[in-house]
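Student: I have a model open and want to read its sheet properly. Can we take it question by question?

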Amino acid sequence: MRMRPTLSWTPTQDLPPGTTDPEPVATTLKTGGVLVLSGAGLSTESGIPDYRGDGGSLSRHTPMTYQDFTADAQARRRYWARSHLGWRTFGRARPNAGHRAVAAFERHGLLSSVITQNVDGLHQAAGSEGVVELHGSLARIVCLSCGSFSPRRELAARLEAANPGYAPVAAGINPDGDADLTDEQVGDFHVVPCTLCGGVLKPDVVFFGEAVPRRRVEHCRELVRQATAVLVLGSSLTVMSGLRFVRQAAQAEKPVLIVNLDPTRGDPHALTRVALPLGTALTAVADRLGIPVDDRTTAADPRVR
């Protein structure tokens with residue numbers, strides 16, 4: 001029987017309420033060597049919804065699983081129709097104050113690295129350099145047959161050519177880049193194959209039900225070992241892919257701090273949870289540290305390569 005991935009989490013114990021005082025985050029950052037672990041909540045202020053917060057996409061949308069994508073041609077048609085339409089909006093999203101604050105902390109030598117669960121490339125667009133994309137990037141395409149990679153912009157152009165005039169009105173955009181479409185809106189959308197071998201193309205992201213590559217996980221574990229503390233930004237830590245690093249840090253008696261409006265699965269391991277919007281909280285932290293958060297973005301946006 002095919003198992004569905006973990007999509008939700010309900011606290012099994014009373015968790016302490018969050019604070020609205022960002023001072024503990026500022027104090028921890030002053031020491032330097034802090035590892036940031038970011039999630040979908042960091043990108044909501046850029047117009048990309050999260051999965052599980054108020055109005056999160058999981059309330060109306062079940063993400064594509066790796067098992068469904070690889071086994072069912074109709075599921076792939078549905079995915080690519082939705083993803084192609086969603087990319088037009090998703091690819092235009094710009095970094096918000098939270099992303100810019102993280103980049104500023106890095107420039108001032110306060111961070112050891114950034115691990116992001118997001119696939120939107122907004123950390124890099126804000127100027128962050130030491131970013132590990134735990135779940136991959138929507139800006140890259142991989143062939144499941146020959147393993148070749150190609151830029152998303154090339155596939156977008158091929159899908160435009162194969163589906164002229166395709167422009168249904170979506171009900172919403174999701175954190176994985178999908179647009180909400182009905183089966184009628186998907187219609188007979190044409191999916192294109194790999195130009196090298198004719199194989200099945202997939203975004204270079206870790207789908208629900210798919211394992212994060214082992215070497216990437218081990219690299220992230222080493223980053224946790226090297227860090228002085230872990231700062232979680234905008235993640236509910238519902239899935240183990242991120243929670244394991246919080247548990248690792250706590251077991252090593254390294255401080256864990258969380259900035260997230262809602263309780264998280266990592267709260268029992270954290271010194272504190274700051275219950276503020278990410279942009280507000282991180283801008284306040286930057287102000288306390290005397291670090292300017294400017295509006296610079298990198299010249300080479302990774303999503304348009």
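Tutor: What follows covers confidence, then the sheet, then the helices across it.
Tutor: This is a predicted model, where local features need pLDDT of at least 70, side-chain atom pairs count only at pLDDT 80 or more, and totals for chains, interfaces and linings use all residues. Residues are numbered from 1 along each chain as its sequence is written, and side-chain values use heavy atoms, leaving out hydrogens and water.

Student: What is the mean pLDDT of the protein chain?
Tutor: The mean is 88, and 85% of the residues reach 70 or more. The scale, the predictor's confidence in each residue, runs from 0 to 100. Over residues 1–5 the pLDDT is below 50. Residues 55–60 are also below 50.

Student: Why is one side of strand 3 and of strand 9 left without a neighbour in the sheet?
Tutor: Start with the order, 3-2-1-7-8-9: 6 strands, an open sheet, parallel pairing. Strands are DSSP runs (E, at least two residues), numbered from the N terminus. Pairing needs at least two DSSP bridges. Strand 3 (131–133) and strand 9 (272–274) each have a single partner strand, so one side of each stays free.

Student: What makes strand 1 and strand 2 a pair?
Tutor: 5 bridges join residues 34–38 to residues 111–116, in parallel. The definition asks for at least two, so they pair. Ser38 stands opposite Thr116.

Student: Which strands does helix 8 lie across?
Tutor: Helix 8 (residues 214–226; helices are H or I runs of at least four residues) lies across strand 1, strand 2 and strand 3, at about 145 degrees to strand 3. Angles run from 0 to 180 degrees between N-to-C directions, with axes fitted to C-alpha atoms, for helices over the stretch in contact (heavy atoms within 4.5 Å).
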